[in-house]
Amino acid sequence: MTGTPTSEVPMVHADRVSKSFGSLEVLKSISLTVNRGEVLCLVGPSGSGKSTFLRCINHLERVDAGRLIVDGELIGYVERGDRLYEMHPREAARQRRDIGMVFQRFNLFPHMTAVENVAEAPIRVKGMKKDDAYARARELLARVGLASRADAYPAHLSGGQQQRVAIARALAMEPKLMLFDEPTSALDPELVGEVLQVMKQLAESGMTMIVVTHEMGFAREVADSLVFMDGGVVVESGDPREVLSNPQHQRTRSFLSKVL
Ligand code: ADP
Ligand code: MG
């Protein structure tokens, strides 16, 4: 231990992270930092590696080279001397528990009500008492504006409501980091705002977030930094207002002209 105060250790530090699928190099030496309490928007064309990057942070993929460090801990590996060894699955599961992820598709359990969906992991994974988990789940549903829909099944909720349940479900595990992979892309346009509003509140509450999105209004208003990726590399990054109003690279300009 170096004695660095925890508050100064970034929440996420990617140092030259690379990842291939067979001969296809999807991430090519990605470096970025997300400080505690900050929101980073990751944007870029389809196929640029955004989902793969998030999936590496959340142990759904394994990096081939470079280091991914969350809250001061190497993700998925243990360092001994100058060598890296794969982490014990139990340790990997522990790291994963602290990271919440929300996907494009809502992925709720269809046979469970909203409150059951939110309480499930705290009961099963954390061994929380049922009554406590349900009480907490109702609080979280209230926080995402769904107090009155707690006993509804997913099929009876709109896409925007389902996605808000998915956010509450991720929050139930008390993550230190939230990852969002195009959380509004599958929604009807009129339902996008309510989900972005919940995400904005979450950001204001101090949650550290990485958000893959095409919602540039959200990036401009909520994000502390914006990273533009294309073809597996970081093309440019910086203050979102700066990057959006004054992109330095042709690839960024071309992408923005399509989504703005
Ligand atoms: P994005 O989220 O930016 O659209 P992805 O990270 O999903 O990009 O994908 C980047 C590239 O990696 C794409 O060419 C995709 O087809 C490929 N890819 C993603 N996952 C896999 C996988 N499991 N096996 C093989 N190729 C993959
Ligand atoms: Mg993707």
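In this predicted model, helix α3 (residues 114-124) and helix α5 (residues 159-171) pair up, their axes coming within 8 Å and crossing at roughly 25°. That angle makes α3 roughly parallel to α5, since anything under 35 degrees counts that way. The crossing of the two helices is right-handed. On the α3 side, the residues involved are A114, N117 and V118, and they meet V165, A168 and R169 of α5. Sorted by character, the residues of this contact come out as four nonpolar, one polar and one charged. The spacing of such contact residues has a simple background: an α-helix has 3.6 residues a turn, so residues three or four places apart point the same way.

Helix α5 has another partner. The axes of helix α4 (residues 130-143) and α5 come within 9 Å, and here the crossing angle is roughly 135°. That makes α4 oblique to α5, because an angle has to be over 145 degrees to count as roughly antiparallel. This crossing, too, is right-handed. From α4, the residues R136, L140, L141 and R143 reach V165, A168 and L171 in α5. The contact of α4 with α5 is made up of five nonpolar residues and two charged ones, with no polar residue taking part. V165 and A168 of α5 turn up in both pairings: they meet residues of α3 and also residues of α4.

What about the cover over α3 itself? Helix α3 is mostly covered, with eight of its eleven residues buried. Those buried residues are A114, V115, N117, V118, A119, E120, A121 and P122, and they pack against α4 and α5. A114, N117 and V118, the α3 residues that meet α5, are all on the buried list.

Just ahead of the helix, T113 sits in the loop between β8 and α3. With a relative accessibility of 6%, T113 counts as buried, because the cut-off for that label is under 20%. Setting aside neighbours within four places in sequence, T113 is in contact with A150, D151, A152 and Y153.

On the other side of that loop, strand β8 (residues 99-102) includes V102. V102 is buried as well, with a relative accessible area of 1%. Once residues up to four places away in sequence are left out, V102 touches Q163, A166, I167, A170, M178, L179, F180, D181 and P183. Some of these partners, including Q163, A166, I167 and A170, fall inside the residue range 159-171 that makes up α5. The C-alpha atoms of V102 and R169 are separated by 9.1 Å, although the two residues lie 67 places apart along the chain.

Stepping back to the chain as a whole, its secondary structure adds up to nine helices and twelve strands. The radius of gyration is 19 Å, close to the 18 Å that the globule rule gives for 260 residues, so the chain is as compact as a globular protein of that length. Along its principal axes, the C-alpha trace spans about 45 × 45 × 40 Å. Of the 260 residues, 47% count as buried. Links between distant parts of the sequence also show up in the contacts: among those joining residues at least 6 apart in sequence, 63% connect residues at least 24 apart.

Technical notes:
Residues are numbered from 1 along each chain as its sequence is written. Chains are lettered from A and ligands numbered from 1 in the order in which they are written. This is a predicted model: local features need pLDDT of at least 70, side-chain atom pairs count only at pLDDT 80 or more; totals for chains, interfaces and linings use all residues. Side-chain values use heavy atoms; hydrogens and water are left out. Axes are lines fitted to C-alpha atoms, for helices over the stretch in contact, and angles run from 0 to 180 degrees between N-to-C directions. Helices (H or I, at least four residues) and strands (E, at least two) are DSSP runs, numbered from the N terminus. Angles under 35 degrees count as roughly parallel, over 145 as roughly antiparallel, 65 to 115 as roughly perpendicular and the rest as oblique. A crossing is left-handed if the near helix is turned anticlockwise from the far one by less than a right angle, and right-handed if clockwise. Contact means heavy atoms within 4.5 Å. Ala, Val, Leu, Ile, Met, Phe, Trp, Tyr, Cys and Pro count as nonpolar, Asp, Glu, Lys and Arg as charged, and the others, Gly among them, as polar. The radius of gyration is taken over C-alpha atoms; the globule rule is 2.2 Å times the number of residues to the power 0.38. Buried means under 20% relative accessible area, exposed over 50%, partly exposed in between (1.4 Å probe, protein chains only).
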